[in-house]
Amino acid sequence: MKRFWISDTHFSHQNIIKYTDRPFGNVDIMNKELIKRWNSVVGKNDLVYHLGDFGNWKWVDVEPIYKQLKGKILLIRGNHDHETIRRNIDWVQRMSLKIGPYYCLLNHMAVYEWAHEKFSDSRKWYDKHITREDLHENYDFVLCGHS
């Protein structure tokens, strides 16, 4: 079994092509290519940690894609992972993981964004229970997406 880490696939999110200058003509081409690339490296029994922003807002758009992807997928909630998707598959807010001798925090946003005093409305759903002291005492590094 291999382990993989990925984030911000934004399946079925048409505007992400424009926002991030992705090299796809439309969302169907993007979805097909991302699925193809995913399945070319991930095996049936592999473990994939997805660090947020899996897909667009509608489960009806994302479900067929989710079912095509190889591996067991552990999903961490991202700021674009809307309730309509989250209620259909299991998610966690964040995850702690030991990789070799190292303790790691898996999270969608970088921790410095949490620590910033001015949270925008789109970030209010992130709870602020991890302090800088917690990070320094309990984790060797943080893996994140988003930024």
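Analyst: Start with the accessibility terms. Buried means under 20% relative accessible area, exposed means over 50%, and partly exposed is in between (1.4 Å probe, protein chains only). This is a predicted model: local features need pLDDT of at least 70, side-chain atom pairs count only at pLDDT 80 or more, and totals for chains, interfaces and linings use all residues. Residues are numbered from 1 along each chain as its sequence is written, and side-chain values use heavy atoms, with hydrogens and water left out.

User: Why does C144 count as partly exposed?

Analyst: Its relative accessibility is 33%. That value falls between the buried and exposed cut-offs, so C144 is partly exposed.

User: What makes C104 buried?

Analyst: C104 has a relative accessible area of 0%. That is under the buried cut-off, so C104 is buried.

User: How many disulfides does the structure hold?

Analyst: Zero. C104 is in no disulfide, and the nearest cysteine sulfur, that of C144, is 9.6 Å away. A disulfide is a pair of cysteine sulfur atoms within 2.5 Å. The sulfur of C144 has its closest cysteine sulfur in C104, and 9.6 Å is too far for a bond.

User: What is the pLDDT average of the protein chain?

Analyst: The average is 83, and 82% of the residues score at least 70. pLDDT is the predictor's confidence in each residue, from 0 to 100.

User: Which elements have the lowest and the highest mean pLDDT?

Analyst: Helix α5 (residues 111-115) has the lowest, at 54, and helix α2 (residues 27-41) the highest, at 97. Helices (H or I, at least four residues) and strands (E, at least two) are DSSP runs, numbered from the N terminus. The protein chain has six helices and seven strands.

User: Where does pLDDT stay under 50?

Analyst: Over residues 115-127. For this stretch the model has 21 contacts beyond four places in sequence. Contact means heavy atoms within 4.5 Å.

User: Why does H10 count as buried?

Analyst: Its relative accessibility is 3%. That is under the cut-off, so H10 is buried. H10 is found in the loop between β1 (3-6) and α1 (14-19). Leaving aside neighbours within four places in sequence, H10 is in contact with residues including R22, D53, F54 and H80.

User: What makes a polar contact with the side chain of H10?

Analyst: The side chain of D8, at 3.4 Å. A polar contact is a pair of N or O atoms within 3.5 Å. Within protein, one atom must be able to donate a hydrogen and the other to accept it, and residues adjacent in sequence count only if both atoms are side-chain atoms. The H10 to D8 distance of 3.4 Å is within the limit.

User: Is N107 buried or exposed?

Analyst: Buried, because its relative accessibility is 0%. N107 lies in strand β6 (residues 102-107). A polar atom of its side chain lies 2.6 Å from the backbone oxygen of M109.

User: Which residues are buried in helix α3?

Analyst: In α3 (residues 59-68), W59, V62 and I65 are buried. Seen down the axis of α3, its buried residues fall within an arc of 135°, so they line one face of the helix. The arc is that of the directions from the helix axis to the C-beta atoms. The face of α3 turned away from the buried side carries the exposed residues V60 and K67.

User: Why is one side of β1 and of β4 left without a neighbour in the sheet?

Analyst: Four strands form an open sheet in the order β1-β2-β3-β4, with parallel pairing. β1 and β4 (91-92) stand at its edges, each with a single partner strand, so one side of each has no neighbour in the sheet. Two strands pair if DSSP finds at least two bridges between them. Strand β3 (residues 72-76) and β4 have two bridges, so the pairing criterion is met. The bridge partner of I76 in β4 is V92.

User: How many bridges join β5 to β6?

Analyst: Five join strand β5 (residues 95-99) to β6, and the two run antiparallel. K98 stands opposite Y103 in β6. β5 and β6 form a hairpin with two residues between them, and G100 in the turn has a positive phi of about 60°.

User: What does W5 touch?

Analyst: W5, found in strand β1, touches Y49, L97, I99, L106 and L143, not counting residues up to four places away in sequence. W5 is partly exposed, with a relative accessible area of 33%.
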